[in-house]
Amino acid sequence: MPYEAGAYDVIVVGAGHAGCEAALAAARMGASTLVLTINLDMVAFMPCNPSIGGPAKGHVVREIDALGGEMGKTIDRTFIQMRMLNTGKGPAVHALRAQADKARYAQMMKHTLENEKNVTLRQALVEQLLIKDERCIGCVTHTGAIFRAQAVVLTTGTYLRGKVIIGETTFESGPNNQCPSITLAEQLAELGFALVRFKTGTPPRVHRDTIDFSKMSAQPGDEEVQFFSSETTERPPMQQVPCWLTYTTAHTHETIVDNLHRAPMYSGVIEGTGPRYCPSIEDKIVRFADKGQHQLFLEPEGTHTAEYYVQGFSTSMPEDVQLRMLRSVPGMEHVEMVRTGYAIEYDAIVPTQLWPTLETKRIARLFTAGQINGTSGYEEAAGQGLIAGINAVHAVRGTKPLILRRDEAYIGVLIDDLVTKGTNEPYRLLTSRAEFRLLLRHDNAHMRLTNIGYAHGLISAQRYERFLDDKQAVEQLQARLRTTKIQPVDEVQRLLTAWGTAPITQTVYAETMLMRPELTVERVLQLMHICTGEQSDYVKDVRAFVDSEIKYRGYIEKQRAQVERLKKMENKRIPHDIDYTHVRGLASEAKEKLARVRPLSIGQAARISGVTPADASILLVYVEQHYRAGGVRTAQ
């Protein structure tokens, strides 16, 4: 029998990476928060790659940390390998990536939730949302417990009507053989939400003792470790664990081609759309038939398990074929598979049905975050969860929501892409999606966003003081570089020659010296010490930020000028009750797309696929006439 089980400010459904960040954000803002998850042993679980970060994703983790989220701190405490990627390229695409101890990461995140004073953590399967007057007021679990709330955040991952596929075998399941969520997905469809069917997958896991690492290349972590969180000051007392590189062979490709008739994605068993940027190994072999081999990375799943993840080998082939495929790879001739790779299909909502706050347009006080919104990746999910949790509290309190712009954060790019353009495949964040990526570097995330995190109550006063100290140090270092002169003395000339850059013929400012690609802030500070005798001690984040700001000043200023021009379009708000059919001159396609997305500003409208610059100009004129006539009502 149904029974009243309690009332909360915010309910978060799901405790994956999105759910954890949503719950912690809401609770830290002072809201009583209930987290309902199918299995308490799966909190912050990593069903696929046991890693955090990478291109664009690493930027998001630093942004989450700068805003007061938890992912960066947790991975800093539980990593077993840390590497900075793309160091041979410009700072805009430098990306930190950590190999995680999968079990310890989940345990630590669960511990954090359990010890957050405003969080209640419960194991339950949510079967129904409570809706009254087109507003979400709670939910009902499979045991009949009725939980009431002023806002609900759905972070259901790949559980909605989840179906696992291994060759000819299919069965209803969430990831890693967990219980799927069926009736909730059905209710969302009944409520009028447009749903899409997506697919993702995971590779097999193999036993460490059956791998011949002598036939592979070791991939160690960085000797000088950097961290995701600005709160992390000390390296954990552990030895980094290497990953291992190997390659597929002609035999691997032959095995796959010979068994394509048994591959679910080619036999018609799989209906959902898979991720373009993370294809299965069988898809790679078919799409890139001219390539003789593909990279594979063997990655440890933790320090207390023998399981290794075979990165690059995602597959839904039958189990017997998977084993033959694995054993055709150098170093895995006698490997034993401990978990079979699989594909999983699931329902996601079409994300253009969301406001930029991640509240649904159809049902007030109902927010969604993570893979339910059509994304892939733990980091993308966590970033959305953080914003959804913050805005759920703002909705409850009737205060101004947080909407990050595209020039402020990769999280802003991610959410704007979803709610404005939508996606017809699992969305993956890429650095190339950010038009202002030189402004959104990993080294300046805390400078960009800590003020915002503090304003929303997610950054402690102590941490904010440290941020202000860093900001002051940046200004001091920049001033010193502008005013300190480097003379062409013998010791300066000797070092410049040793560093592979030309000696100077006259006195120059330190700032000018730093513009040379061979010179870093550390080296220029060394030259400054020779000329002035002054000692300098700046933390690494301060040095990295100043280095990029000065070296790329021209490009950065150009992007900032472009941002200022575009802000004018973003500030042109569109009336809430606008009827696009009455806007004369708009193309039919533009009217249709604008009516569906309901953009909040002219800038957002211009980014909608199918809305031309001419359409945006016509809409701008219409909106300005509307305001001159006295209309001031705008959306959200």
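Which residues point one way from β5, and which the other way? I shall answer that shortly, after a word on the basis of this presentation.

The model is predicted: local features need pLDDT of at least 70, side-chain atom pairs count only at pLDDT 80 or more, and totals for chains, interfaces and linings use all residues. Residues are numbered from 1 along each chain as its sequence is written, and side-chain values use heavy atoms, with hydrogens and water left out. Helices and strands are DSSP runs numbered from the N terminus, with H or I over at least four residues for a helix and E over at least two for a strand.

Let me begin with strand β5. A95, R97 and Q99 point one way from β5, while L96, A98 and A100 point the other way. In a regular strand the side chains alternate between the two faces of the sheet. The six residues just named are all buried, where buried means under 20% relative accessible area, exposed over 50%, and partly exposed in between, with a 1.4 Å probe and protein chains only. Because 6 of the 6 residues of β5, residues 95–100, are buried, the strand is largely enclosed by the rest of the structure.

The partners of β5 come next. Two strands pair if DSSP finds at least two bridges between them. Strand β3, residues 51–53, runs antiparallel to β5 and is joined to it by 3 bridges. Strand β4, residues 79–85, also pairs with β5 in the antiparallel sense, over 6 bridges. At the level of residues, A98 of β5 is the bridge partner of I52, and M82 stands opposite A98 as well. A100 of β5 is the bridge partner of F79.

Together these strands make an open sheet of 3 strands in the order β3-β5-β4, with antiparallel pairing. β3 and β4 stand at the edges with a single partner strand each, so one side of each is left without a neighbour in the sheet. On average, neighbouring strands of this sheet are turned by 15 degrees against each other, direction ignored; axes are lines fitted to C-alpha atoms, for helices over the stretch in contact, and angles run from 0 to 180 degrees between N-to-C directions.

I turn to a second sheet. This open sheet has 6 strands in the order β14-β15-β16-β17-β13-β18, and the pairing is antiparallel. Its edges are β14 (217–219) and β18 (337–339), each with a single partner strand, so one side of each has no neighbour in the sheet. Here the average turn between neighbouring strands is 35 degrees, direction ignored. Helix α9, residues 319–326, packs on the sheet and touches β13 (205–207), β17 (307–311) and β18, contact being heavy atoms within 4.5 Å. The direction of α9 makes about 130 degrees with that of β18. At one edge, β14 pairs with strand β15, residues 243–247, in the antiparallel sense over 3 bridges, and C243 of β15 is the bridge partner of Q219.

Is H294 buried or exposed? H294 lies in the loop between α8 (281–287) and β16 (295–300). H294 counts as buried because its relative accessible area is 6%. Not counting residues up to four places away in sequence, H294 touches T246, Y247, T248, H253, K284, I285 and F288.

A445 is a further buried residue, at 2% relative accessibility, and its place is in helix α12, residues 445–455. Leaving aside neighbours within four places in sequence, A445 is in contact with R62, E63, A66 and T450.

Finally, the empty space. Rolling a probe the size of a water molecule over the atoms shows where empty space is left. On a 1 Å grid over the protein atoms alone, a cavity is a set of points where a 1.4 Å probe fits but cannot get out; a pocket is an open set with protein on both sides within 12 Å along at least five of seven lines, and lining residues have an atom within 4 Å of a point. Grid points are joined across faces, edges and corners, and a volume is the space filled by probe spheres set on the points.

The structure holds 2 cavities of 30 Å³ or more. The second largest has about 30 Å³ of space, and its lining consists of L154, L188, F193, I349, T360, L366, T368 and I372.

The second largest pocket has about 910 Å³ of space. Among its 32 lining residues, I403, R405, E570, R573 and S601 are the closest to its centre. Helix α18 gives the largest share of that lining, 5 residues.
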